[in-house]
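Got your viewer open? Here is a short tour of what to select and what to look for at each stop.

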Amino acid sequence: MFFFKREKYDNCVIQKAARLVGQYAVKAIVLLPAVLVCLPVFLLVTGAVADAAELSSRLSPLLSEESGFIHWKIVPDYPTFAHYGKLLFMTPQFFILFWNSVKMTFGILAGQLLVGVPAAWAFAVYQARGGRMLFGLYVVLMLLPFQVLMLSDYLVLHDLGMLNTQGAVVIPAVFATMPVFITYGGFRGIPVQLIEAARIDGAGEWRIFCMIGLPLGKSGIMSAMVLGFLEYWNMMEQPMAFLEDKALWPLSLYLPQITWEQAGAAFAASVIMLIPSVFVFLWGQEHLEQGIIYSGLKE
Amino acid sequence: MTKQGNRHHKQYHSVKQNKNRRCFLLFAAPSLLGTAVFVLLPFLDVAGRSFRTVITGRFAGLENYRTVFTNQAFALAVGNTLRFTLVCIPLLVVIGLAVAVPVSRMRGAGTVKSLYLFPMALPTAAVVIVWKMVFYRGGFLNLLLTRLGELAGAWGEVRFDYLGGGASFWVLVFSYIWKNTGYTVILWLAGIQGIPTELSEAAYVDGATRRQCFFRVVLPNLKGSLYTIVILSFLNSFKIYREAYLVAGSYPQKDMYLLQHLFSNWFVNLEFDKMAAATVCVGLFLFAVIMLLQWLWDRKDI
């Protein structure tokens, strides 16, 4: 009897331990890749403060055919801010490129606010005939990759004489349908009764949009903006196709032009470039998640 | 309802309809106009050009289409792009779900979610510098493999160039999964959390095991999420061009040559006739895929 009891007890402990180990194992399996995900930032940040000579000795085995490997140090032997200093204080071109990125990104976002948000409101609130079909069209356009739209964009930009100006990158993106779709998701959450009540109280449609739509649909609008920022800060295809003049390029296109001989500068420029988007990410993560969920909603 | 009442009713409705239409147009006008001018009309122009020669503008019938379909580069690019999407999307869907299910049961899931989403915030140009440090001959991956080999005493130095040959395709796959797992997890999580807890509770009461509950209750309810994840992953799969271009330029070796490379190169070389025909084909194909997915989802909507 005793023996049986004992075994039962043992089993219970083993099971409990197994479950505990299992839980931690799952946690570890889920967390490990998540940590790996952040390694690139670590490499860039630590590489950017290493001395040029040190970097070249570390990186030289990278491309060699024979032997040796890249090696890395968390704290460099000769820490220096020279790369940052050179970029920020002695390379005016860098500022121009950074400013180009800022101008184009915010130009696009401002345009999307002005054009896309009212359109999303129209689709969400007014059930006009043909509205659903138009919305279906918007969804399809949202899903078409840039390459399919490249030639048509080029033709219209050519006709308008906008090629090789930053407008060529900004204007087509202003009319992208993705932000309309995401903002629409936010507006859909507003109860119809609220809008009806405002109408009965005599509010005009514009007033309803400003006083009810904008405040209550804020999460949708913010989501579209955060997703948009991360997308356009990283934009490459459009400027590559429509901007010949390198002085008009955004940072995202300039960065890859830096060679391995100037690895320090490349690291520092990468860090500077990812600061704004990491900032937006940390500040707007809630909106980002909400935006992803809105982007997945079906009409 | 009396005749008169009926008429009043109808009148009221048509007034409301009119007002709705007017307001709709007022609010949507800038966007509709922009879409018409910048997307729809030029797209018609492209469709028209696909039947003409590029220099003389002479009507050429289906000549451009014939050129495109017999073009070897086009066949290669379509093949690679299809292979890429067919490998990546199922992989991404499964990995996303495999992460989302434990995370949905976890306390403090916020941190895990942020970590997985973080790659979305990293500019591709910066990431590619790191990939080069990892995947070149003397990079971190070979370093790791060599050390592992020394430890096990099984193999010597590994000096494989992942970015040079057929392996580069898998580097792209890795990069895509790395970047896109985060939002897939978010979408799966939203789907899982949208399932009423009563459903799984009822299943447990009826004696279902955890596994049964997952396969019989949770999974069937996630069909809607699957649809949106597939659609959005498909959309994002075209953006892998950035990585491919930054790693290997406009003319990479043939395992990495994607439809996006082909379009860019035709564009740079001003081969607009071929490009127009290919644009129409790819556009129609994508439209058909989107419609098919939507139809599949609508058919047995839960």
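Start by colouring this predicted model by pLDDT. Select helix 1 (residues 2-48) of chain A: confidence in chain A is lowest here, with a mean of 72. Then jump to helix 7 (residues 167-174) of chain A, where confidence is highest, at 94.

Go back and pick residues 1-6 of chain A. The pLDDT is below 50 over this stretch, and the model gives these residues zero contacts beyond near neighbours in sequence. Where pLDDT is low, don't read the predicted coordinates in detail. For the wider picture, chain A has a mean pLDDT of 85, and 94% of its residues reach 70 or more.

Next, switch to cartoon and select the whole of chain A. You'll find 15 helices and zero strands. Its radius of gyration is 27 Å, well over the 19 Å that the globule rule gives for 299 residues, so chain A is more spread out than a compact globule. Along the principal axes, its C-alpha atoms fill a box of roughly 80 × 75 × 35 Å.

Now show contacts. Take those between residues at least 6 apart in the sequence of chain A: 78% of them join residues at least 24 apart.

Turn on the surface. How much of chain A is buried? Buried residues account for 53% of its 299 residues. The accessible surface of chain A is about 14,900 Å², and carbon and sulfur atoms hold 68% of that.

Last stop: colour by charge. Chain A carries 18 positive and 20 negative charges, and the mean positions of the two sets lie 15 Å apart.

Note on methods: Residues are numbered from 1 along each chain as its sequence is written. Chains are lettered from A and ligands numbered from 1 in the order in which they are written. This is a predicted model: local features need pLDDT of at least 70, side-chain atom pairs count only at pLDDT 80 or more; totals for chains, interfaces and linings use all residues. Side-chain values use heavy atoms; hydrogens and water are left out. Helices (H or I, at least four residues) and strands (E, at least two) are DSSP runs, numbered from the N terminus. The radius of gyration is taken over C-alpha atoms; the globule rule is 2.2 Å times the number of residues to the power 0.38. Buried means under 20% relative accessible area, exposed over 50%, partly exposed in between (1.4 Å probe, protein chains only). Contact means heavy atoms within 4.5 Å. Accessible areas come from the Shrake-Rupley method with a 1.4 Å probe; for residues, only the protein chains shown count as cover. Lys and Arg count as positive and Asp and Glu as negative; His and the chain ends are not counted. The place of a charge is taken as NZ of Lys, CZ of Arg, CG of Asp or CD of Glu. pLDDT is the predictor's confidence in each residue, from 0 to 100.
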